[in-house]
Amino acid sequence: MNIVDLKIKWTNPIKHEKFIYKVDVNELYHNRILITLSLELIISIAIIIGFDLNFSQKILVIFSAIIIFLLTSPFFMKVWEIVLSNKRLILRNKYLNVGRFSSLISFNLNHLDTQISTPRIKVIPLITGFSIMFSYTIPLLEFHYTGKISLPMLVKIFFIFDNFIKTIDEIEQIAFAIMNYLLTPFYGVAIVFSLISGIISILLIVFGLPRRTTLIISSTGGHKLSINTGIPKKLSEYLSGIGRKHRVVYNKDWTWDLPLLDGEIIQSKAAVGLIDRKTQILGVISLLLSLESFNRFIVIFKDPSMKNFILLLITITNLSMMIISISFAKKFSRICTTNHRIMYQDERKVISGIYGKRIYSYSDLPYENIRGFSYSNYSGLEISIIPAIFLIISAGFSFSLIFLNNFVFIISIYIAIIFFALNYRTYTNLSFASLSGKIYSINYRLLAFMVSISHRIEKIDNLYNRLFPNLLSEGSVQKIVNNIHGVNNPVLDMNIPSLHEIDVHAFIDKDEEIIGKWEKMGHHKYHRESIILGFVISLITMIIFTFKIARPYNIVFLVFSLLMIIYMTIQKLVIRYNSFILLKNRLLYVVKTTPRNFARVFGILPVNKINGVNLEHLNLSRFKIIYGQGYKKLSIYLIIITLCTLFFVSSSNDSNVLLENAFYITIALVMIFSIFNSIQLIALLIPRYGLSLYTRFGEIMVSYIKDPKDFNIKLSKARGLS
Amino acid sequence: MMRYKLRNKLTGIIFGKYDLKKIAKNKLVHDEKFVSGLEIIYYNEIMIFISIVIGLLSILFTFNSLFAIIPLIISMYLIFLSLELELIFLTDERIIIEKRGILEKILNTQSELSLSLDQIAVLKYSRAPFHRQLLYISLIGLIINFIIISVISDLLLILFLSAISFVLFYMLWFGLRLNKRSIELSVIGINLPVGIGRSKGAPMSFLVDIQEMVFERIHHISHSDTDSGIKYQVSEFPLQFSSKAKAIIEKLKDPFQQHLIKVIDQNNINIDGLYLHCHRFEKSVIDKTIQELKHKNLIVEKDDKLVIK
């Protein structure tokens, strides 16, 4: 390429600016066109039908509609002129044939944060095309040849469940009869309509398929610039070269859309395939339901005719769509690091499912623009599920009392256990934040027992990779993070398969100087007194209330309060602490939960959360005395306790009505729960020193730190100030 | 001429005398150079006249009905909008935007914005964004006005209020700002872009000045390496040629050979493509030099394409 000076006048060329590439593109607004066209059609048809017009008036209406369309036509399209120079990207846009509202944008490439390269997909035409095809063309064609119309999949599933309950098998036939009654008049025109809609849908689908890439770039300040149209591949290639001030290299082994740069070496990779189970299960169910259509494969051999051939084709398309929906229920995202930048690949799930080919969007980020990372790994329940489990058990128990049958109770316990196991998940997340505020994250969630199975079979590579493609191994996390910070010899190597918890030392180099270390900050490990006090108080209240409440429900109440006591003691036995490590120019912050063995038996697993922040993005550190933390909650709990005691004191216990007793129980349970929590909150009222660090990554809050002055001195030392 | 004189008088009365360069001198910090300055005076005598008339009339009408206070408030707001002064100073380090209006004069306050040049990411010269405040106010005013007109029965007041609704329409038109072209600067750290000359419009020449200064400033900042210690060469013109080609070109003396190396390096082409690219030269000459280069073991033919070794 001959590099010449930029001489296009409207760009206002500056000193030392060289011309590299110029292209003109048109941005079409499909929504505007669709809306105006449909509005005009509806209004003009309404006028023609509504008012009794003669021929010349009708023509006038049509003529005025055309003129309105022509008048609004400039706003359907924007004409973009894009010029790339070695310093900036210059864009000029104007509406079609209207130069008045034109605007000139010049994007400074020195502040380029990321360039997202994603295929240009016209979503609206594509989806309308597919919906026309599968709701009109194929059913109408089927109707023409068989005289029957197939019910939608959801209706079929509904019928199956309905049959289980009611055992009436005529409903389906009644529905078919109604549909036949409605559709027989259209039997003659079905083929014509199916052909017309088929042509329209195919045209729309072909129009909507991705051919070129779009342009989305963002500055380090978070200002985004996007053109929703296809731009030539050459421009994005040149831009990725000039934006990173590097030469683009073409490598045949490299399949990503982002080109590699000169002297760039791929150092580590990580991939995660997130599976959407609901879509997968729905796809499998619909495959099972369409089993009856397999007989078409046999019919074609017995009676080979044009009709049977077309019906076979229809079944094949339907089946292929089902298989696609099953296989595309998995969404891939990948991270790749080189010696220069990280690259991120994210699948566009819905579109790749429609297209039948995996379609990705790519973005890259040089290491200068990364301000920190965060890694978290923990297993647990969502809080809303615990009451649900108790509800299931207690409901089963009460039913068993009413019907004098233990079977219901046992089944309810089994259901609760399954419910618990299915919702007990492990969440893992690795994310990087860029200067502009974009967050690149790669995460998965999996059932906790599945994760423990995966630990057992990880030595069998073949089986492991096949069963768990969506696991992010600790070794790859360490590699990616260390590549970014230039850590070559970490203190701790995570590639040993038996290690399943990343320590902070995995991200620190052996040669790196540790300036400050604050480990195990936080509350005291546990207050033995508070546990004993809580235990005694709750036992007393339990005994009082159990004797006060009607007989048949004593057991439920006893079980529940015992469970609460166990839960609370376990909570006290879990050690939660934070720790800091100050290194030269960066800060590592760890939030860790290590439960004692007794708590581990009850299923509380360790939580591990590591944040790394570059010190240049640490804006403010603040020490302050924190007191009266959680006093609002405490006051609410105290009010609840007083209300409950007032209720118990005032009410008599003569009646044995079932509902009233249930009311008693719930109030007593609420009271015990609030007593537990208020004891916990009283401990938080003690004033102490807290530290809060405001970073561009978010706020880090440490509720207790011993020596604030020491921290400040070391922080300035880490920044290289003293 | 008459308008010009009136404008000068009014600005003189309200803002006093000022000299752009003198103000700029006071604003400069140590070692800072003043590059160019711009004063944008937005002045609308129609608005001032209308608002004065409305104000007087509404004071008269308040004796008749209390509804007439609303036009008074509108006229006050119109006066604030009718005169606005923007002083913009461009130095080699930053842009300083100072806004002066009647409200600022009354309250004796100052509004000054100072933007560092190397933090400007996107420059935009386009239609000024809508004045949303004014749009909302004028729309609400119109609705209230119509409601009042439909309620009251005094014919004179109705005429007066309907005249005011025209003024509100004028405000609406002003709030749309369809005719104004402003410079919008997207600065890192500020979410919304900073506008220059949103009410009056800014000249293209000032945009050129800013652009030149911004890129001049960046040109002097050298590209720093990362903290991680990995070093890679940064080239200002990355599409020119690669480091391999650079090393070879330094060795070679024949300018045509150098040119061929450059062409092969930049375009992924085969021999036919090379003929097309260098159509001014004869094929035999190209063949000869390529064979020489191959003999020197500088060029290799890989997958039917020429590659530098």
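**Strand 6 of chain B**

I looked up the partner of Ser126(B) and found that Ser126(B) stands opposite Ser182(B) in strand 6 of chain B. I note here that the model is predicted.

I then checked how strand 5 (residues 120-127) of chain B meets strand 6 of chain B: 7 bridges join the two, and they run antiparallel. Strand 7 (residues 194-196) of chain B also pairs with strand 6 of chain B, antiparallel again, through 3 bridges. In that pairing I find Glu184(B) opposite Gly195(B).

Strands 6 and 7 of chain B make a hairpin, with 6 residues between them. In the turn I noted Gly189(B), which has a positive phi of about 105 degrees.

Is strand 6 of chain B enclosed, and how many of its residues are buried? I count 6 of the 7 residues in 181-187 as buried, so the strand is largely enclosed by the rest of the structure.

**Helix 12 of chain B**

I compared the span of helix 12 (residues 283-295) of chain B with what its 13 residues should give at 1.5 Å a residue; the expected value is 18 Å and the end C-alpha atoms are 18 Å apart, which agrees.

I listed Ile286(B), Thr289(B), Ile290(B) and Leu293(B) as buried in this helix. They lie on the same side of helix 12 of chain B because they cover an arc of only 100 degrees around the axis. An α-helix has 3.6 residues a turn, so residues three or four places apart point the same way. On the other side of helix 12 of chain B I found Lys288(B), Gln291(B) and His295(B) exposed.

Just after the helix, I noted a positive phi of about 65 degrees at Asn297(B).

**Helix 1 of chain A**

I moved to chain A, where helix 1 (residues 30-50) has 21 residues and reaches 29 Å from first C-alpha to last, close to the 30 Å expected.

Which residues of helix 1 of chain A are buried? I noted His30(A), Glu40(A) and Ser44(A). Their arc around the axis is only 115 degrees, which puts them on the same side of helix 1 of chain A. The buried residues pack against strand 2 (18-28), helix 2 (55-72) and helix 6 (190-208) of chain A. On the other side, Ile35(A), Ile42(A), Ile49(A) and Gly50(A) are exposed.

**Ser85(A)**

I last looked up Ser85(A), in strand 3 (residues 77-85) of chain A. Ser85(A) is buried, with a relative accessible area of 0%. Its side chain makes a polar contact of 2.6 Å with that of Glu17(A). Leaving out residues up to four places away in sequence, I find that Ser85(A) touches several residues, including Leu6(A), Lys18(A), Leu109(A) and Ile242(A).

Methods. Residues numbered from 1 in each chain as written. Chains lettered and ligands numbered in written order. Predicted model: local features only at pLDDT ≥ 70, side-chain atom pairs only at ≥ 80, totals over all residues. Heavy atoms only, no water. Helix = DSSP H or I, 4+ residues; strand = E, 2+ residues; numbered from the N terminus. Expected span 1.5 Å × (residues − 1). Buried < 20%, exposed > 50% of the residue type's maximum accessible area, 1.4 Å probe, protein only. Arc of directions from axis to C-beta. Contact = heavy atoms within 4.5 Å. Polar contact = N/O pair within 3.5 Å; in protein donor to acceptor, adjacent residues only side chain to side chain. Pairing = 2+ DSSP bridges.
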